[in-house]
Amino acid sequence: MKLSLFLILFTTSSVLLAKTFTYQGQLLEKGTQLPLKEASIFLLPQKLKVQTDEKGYFKFNDLNEGEYQLIINLSGYKKLEKQILIFETNGNIALQNQLYLEKETYLAFETTVVGKKQKRDQTQKTLTQEQFLSMPGSGGDPVKAVQNLPGVNRVQGFSSQVVIQGGEPKDTAYNIDGHEIPIVFHFGGLTSVVMPEALEQVDYFSAGYGAEYSRATGGIIGLKTKKPDAGERQKKSFFFADNLKIGGLFEKNLDANSSFLISGRASYVGLFLKEIAKDNEDFNLTVAPEFYDITSVYHQKLNETDDFNFIALASRDTLAFVLKEPLKTDPAFRGRFYNETQFYRLIPSWSRKLDSDRNLKVSAGIGQNQLLVDLGEQYFNLQSDVLSLRGEYEQRFSPTWINQWGVDNLYGNAKVKIKIVQPRSEGGVSNPFSTSEIKERNVSGKLTNIGLFNRHELSFSDWTLIPGARVDRFKNSNETYLSPRFAIKNQYHPDLLLKAASGVYYQPPEPQEQDEVFGNPDIKSPRAIHFSAGFEKDFREGSLEGITWQMQFFDKWLDHLVVQSSERVSKNGVLVDQNYNNKGGGRAYGIENQWRWSNLVWDIWLSYTWSESFRWNELVPKYKHEYDQTHNLNLVGSKKLNNNWKVSSRFRYVTGNPFTPVTSSTFDSDNDVYVPGRGNLYSERYRNFYQLDLRIDKKWILDQEIWTLYLDIQNVLNTKNPESIEYSYNYKDKEFVSGLPFLPAFGIKGEF
Amino acid sequence: MKISIKKFNTFNLLFKLLLSTCTFLLNIACSESKLPKYVELKDLRVLSLVADKPEVNPGSSVTVTPIISDINETSSLNYIATGCIDPGVSLGAKATCENSSSKVTLAEGSINSSSNSEMAENFTGQAPSFSFSIPNSEVIFSSRSAQDQFNGVAYLLTYEVNNTRGEKVSAYRRILVSNKSSDAKNLNPVVNQIFSQGNALSANAYPLNGIYTLSLGIDNNSFQSYEVQLTNGDIETRVEELTTTWFITDGSVKYFRSSQLDSNEFTAPETLPSTRKSFLISVTRDSRGGIAIKRICGGCN
C-alpha cells in the first residue's frame, strides 16, 4: 500500500456546527484518458462506496475531516490504493482531482474489436491492427505481416510482394476498402502505402475465394481502413519516428454522428543515403529515395439507417541517380535514372439499412495513377485516370437464406508514352536489355472491366451452402466469362468447423501483353480453377487459454497462362513478332496448417505449409515453378512481461527457391554483352532459407500519454541466405548474393 | 525552447546510428565482387566481330574480321563461322543457326602465329577475315513487312573459336539488311587515335608507370543520324551514341566503358611483363552494329 499522502482539495458542503466536506473527482484510464464508468470507489475505514457515472465522475458527500484510504479495484486494471487527507484550508473551495487507473496490458493505437467477427468468406484470414503492429520481422507493416500466414510464399530479398499458394506476385490483387490500388508498397517492398495505424485490419483471401472479388488467379489482399472514433476523449493523436520515416495520426469526433482521422508519413532515410553516396565513384544520387503517403477517413452517421464514409489516400515515391559509367552487365543502363510513382484515390461510400432484411452499400474509387521511369534515351511514362465502382445489395429472404447482388467495375483512361527495350526472360534468367530491340509507343487507351456477382448463403441446420456466380466482361480483350463459385461449411461440433470452397477465376492480361507493339492483341485472360477443403478446430472449450488449429488443402489448376514467345507468326501475309502467347499452364497444391496457442501472457503461432507448384508450356512439358517451396514454416511467439514490456520473435524456415542454372553463354558482338544459355528450367535450388527475427516493445504509461519504444531486429543470427546469383560477365563464374543481413530497426511512438 | 546538452547528445547518437545503418546497407549493396573483371584480358575472348559494312542491301558481299584475345595461348586456335537468317535473337531466340534451313558455313580453319601479324603477338588482335554473301531479297525479305525492310532484317553470323587448352567461346553478330539507299545505311565509326594526356599514341606506344587520361579521336562523321520507321509508319530521325569498351592485360582503368567522347583513366603497369606483351584495346560501338577498334601494344615492334 502506498504511503504517500495525497492532499485533497475539498468543498465546503454545509455550514453546520460539525463541518463536513465533499470529495469529488473523475476516474480516467491512465495514458488514454478514457473515462471509466460504473467503477466502484471505496473509502476506508468508513467503508464508503460510490460508483462513477457515464463520464467517470464520482462524489463522496458529508466527509469528516481526517485521513482516508481510497481503493479502486476494477477488472482489467491494476488496483489503485491511495491515502488521502481531508482537512480545512482557510475555508477554501476547490474542485475535484483526477484519478488514473493503469490497465493490466496496453495495446497500441488500436481499434478495439468487440465480439467475434463473422467471416463471410471461408477462405478469409484476418490480421487485426493489434496483431500486425506487433508482428516481429514485419516492422508493424500490415501487408508484410501477411507473410506469416500459411499458404503465403516467401519472396526473395527486399521485395515484400505477397505470393499466394504457388502463384506469382502479379496474381495477387490489392484493394483498399474493396477498391483496387496500383501498388501496395513504397519502392516495391519498403513499407505499405497506408499508415498501419489508419487500418483496422488486413484480409487475405486464398484458393476458393468468393464471388465478390475476381481478376486475380492467386488471391486478394484487402486493406480495411478504421472507422474514426476518438471515443469519450473526443480527439486523440499519435506520433512516431523510426529509422526510415516519420509520421502521425490525428483523430477527432466532430459531433455525436461524425468523426474523421488524418494520417501522414514521410521518409527521411534518403537524406542520409544522399550524404553517404556523395563520394561514390559509381553514381550520383541526385534525388534521394523519398516517399510520402496520406490517408484520411471521414465518417458520418446520416440517420438511423444511413452511413456515409469518405476515404482519401495519396502516395508518392521518387528516386533519381546518375550512373557515371554504363552498367558492367548491360551497357543499355547508363546515364541518368529517374523514377516517380504516385497515385491517389478518393473513395466515398454510402450504406443504407433499407429494413431489417435488406441492406445496400455503394462506393466509388476515383483517382489517378502516374508512373514515370526516365532512363534518358529510354522512358516509360504512364498516366491513367481510374474509376472503380462497387455496389452490393443484400436481402435476407428467410432466416436461412441470404442473397447478395453486386457490381464490381473498373474503368481506366490511360496515356502511355514508352520508348524502351522489351526485356526477354526465361526461367527467371533475363537476357541483357541491350540485346533486345528498343520499341516506341505513344498511345491512349481505355480500360473497361465489368463484373456482376450474385451470392447466396443457405443454412440448413449445421450446414451452410454458399453458391455464387460472377460474370466478368473484359472489354479490352473482348472476353466475357461466367465464373461459378461454391463454398460449403458444416459446424460439425461447436468447436469444429468443416469447410470447402471452389471456383473459376479469370485474370485479365497485363496491358503490355495485349499491346500491338510490345505484346500480342490476341492474348486472352489466364484462367484458374481452385479447390480447397479443410477445418477449423478450437481446443479451448470456452477458456481464454488453449490451442486452435486450422488446416486446409488447396489445389489450383492454371491454363491459358501468358508466356513470352520468341517466334514470328504470319499475320495478313506478313511475319510479325508474337511476343506472347497463351500456351502456358500450371498446377499448385498443398496443405496449410496454422496452430495458435494463447493465454493472457503468451501468444504463439505456428504456420506450416507443404506445397508443390509446377508450370509447363509448349516447349517444356513440366518444370518446377519459381515459387515452389516444399516446406514453409513460420513460428511467431510473443510474451507480455511486467511493466509493459513485450518480447516477440519469429523464426522462418523455407525450402530454397528453384532457379534456372546458366550453363553457357554467347558473346553478342553488336552490343558487347554475353547472353546466358539456360539449363533445365528451375532445375536447381537455392539453399534452404532460415531466419530469426526479434522484437522488443516497451511502453511508458503516463497519466495523459503513452510512449512506446521498439527495437525490431531482422535476421538476429545474421544468417547468410542466398537470394540471387551474380554471374561473371561471361557467366562462367558465379557468386550467391545473400539477402537481408542483421538489420535493426528502431522507433518511438507517442499517443496523446 | 531550451535544449539540454543531454538531449542534444542523444540526438547526435541517433544521427550517428542512422548514418551507420545507411553506410552498412550501402556497403553491402556496393561491395566489391571477386568475379573476373570484364576489362581484363586473360582467357580466350572474342572482343568483337567487325563487319566492313554493318548494314547492306540484299545479296551484298560482307567481310568480317574477328577481334580475339588469348594471351595464354602459345600454339593455335580453331574457328568456325556460320550464317543464317536471324531466328529472332532480339525476341529471345537462341543465337544459333543449328536448326535453320538457311544455315551456311561461312568459314572454318585454324589460326596460328603466322596467320597474320597481330595473331603472332599473344593471339590478341585481328584474326583472319572471311567474306560471304547475304541472301537475296526474295529470301531475306520473304514475308517481311515494309517497316522491317526499311529498318532492316537481320542476318545472323555465329563464330565459334576454341584453343588448345579446351576453352571455347561462342559469339554472334547481326548484319542488318535493308532497302534504304546506300548513303542512308549505317557505317562503322572511325576512331583515328587513342590520346594519352592529349597526345596521340602510336600502335606500339604503350604507356608505362603512371596514371594517364585516355581519350579517343573520333571522326565527327561517326555520330551518324539515321531514320527509323515507327509502327504507325512515321519516320523518326535519331542520332547514334557511341560507347567504348576498354580492355587491358595489365594495370587498371577507372571505367571499363565510356560514353561518346568521355575520357578514361589508365593506371599503367610499372614495367612490361617479361613473358608476354601488354595490350590496351578500345572497341567503339554505335549500338547498330558499327564497330571501330584501336589497339596499343606494349613490347611489339
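Y727(A) and Y731(A) are both buried in this predicted model. Their rings form an aromatic pair of the tilted sort, with 5.2 Å from centre to centre and 45° between the planes.

That pair has plenty of company: searching the whole structure turns up 31 aromatic pairs over all chains. Another of the tilted kind brings F659(A) together with Y686(A), at 4.7 Å centre to centre and with the planes 40° apart. Here F659(A) sits in strand β43 (residues 658-659) of chain A, while Y686(A) belongs to the loop between β46 (684-685) and β47 (689-701) of chain A, so the contact ties together parts that lie 27 residues apart in sequence. F659(A) has a relative accessible area of just 6%, so it is buried. Y686(A) comes out at 11%, and since anything under 20% qualifies, Y686(A) counts as buried too.

Rings also join up across chains. Ring pairs link F667(A), Y674(A) and Y729(A) with Y38(B), F247(B) and F256(B) in a cluster. One member of that cluster, Y38(B), has a charge over its ring: the charged end of R45(B) sits there, 5.0 Å from the ring centre. A similar arrangement turns up at Y226(B), where the charged end of R288(B) sits over the ring, 3.8 Å from its centre.

Now for the nonpolar interior. In soluble globular proteins, nonpolar side chains tend to be buried together. The largest nonpolar core in this model has 73 residues, and the ones with the most contacts inside it are V46(B), I111(B), F130(B), F132(B), I134(B), Y159(B) and F266(B). Take I134(B): setting aside its neighbours within four places in sequence, its contacts include V56(B), V62(B), I140(B), Y155(B), I175(B) and V177(B). The list for I134(B) also has N57(B), P58(B), G59(B) and S60(B) on it. Apart from this core lies another, of 36 residues, with L149(A), Y204(A), I221(A) and L223(A) among them.

As for strands, chain B has an open sheet of 5 strands, running β11-β10-β12-β18-β16 with antiparallel pairing. The edges are taken by β11 (199-201) and β16 (252-253) of chain B; each has a single partner strand, so one side of each is left without a neighbour in the sheet. Further in, β12 (residues 210-218) and β18 (residues 264-268) of chain B pair in the antiparallel sense over 5 bridges. Within this pairing, L214(B) stands opposite N264(B) in β18(B).

Notes: Residues are numbered from 1 along each chain as its sequence is written. Chains are lettered from A and ligands numbered from 1 in the order in which they are written. This is a predicted model: local features need pLDDT of at least 70, side-chain atom pairs count only at pLDDT 80 or more; totals for chains, interfaces and linings use all residues. Side-chain values use heavy atoms; hydrogens and water are left out. Rings of Phe, Tyr and Trp (its six-membered ring) pair if their centres lie within 6.5 Å; planes under 30 degrees apart count as stacked, over 60 as edge-to-face and the rest as tilted. Helices (H or I, at least four residues) and strands (E, at least two) are DSSP runs, numbered from the N terminus. Buried means under 20% relative accessible area, exposed over 50%, partly exposed in between (1.4 Å probe, protein chains only). A charge sits over a ring if NZ of Lys or CZ of Arg is within 6 Å of the ring centre and within 35 degrees of the ring normal. A nonpolar core is a set of buried Ala, Val, Leu, Ile, Met, Phe, Trp, Tyr and Cys residues joined through side-chain atoms within 4.5 Å. Contact means heavy atoms within 4.5 Å. Two strands pair if DSSP finds at least two bridges between them.
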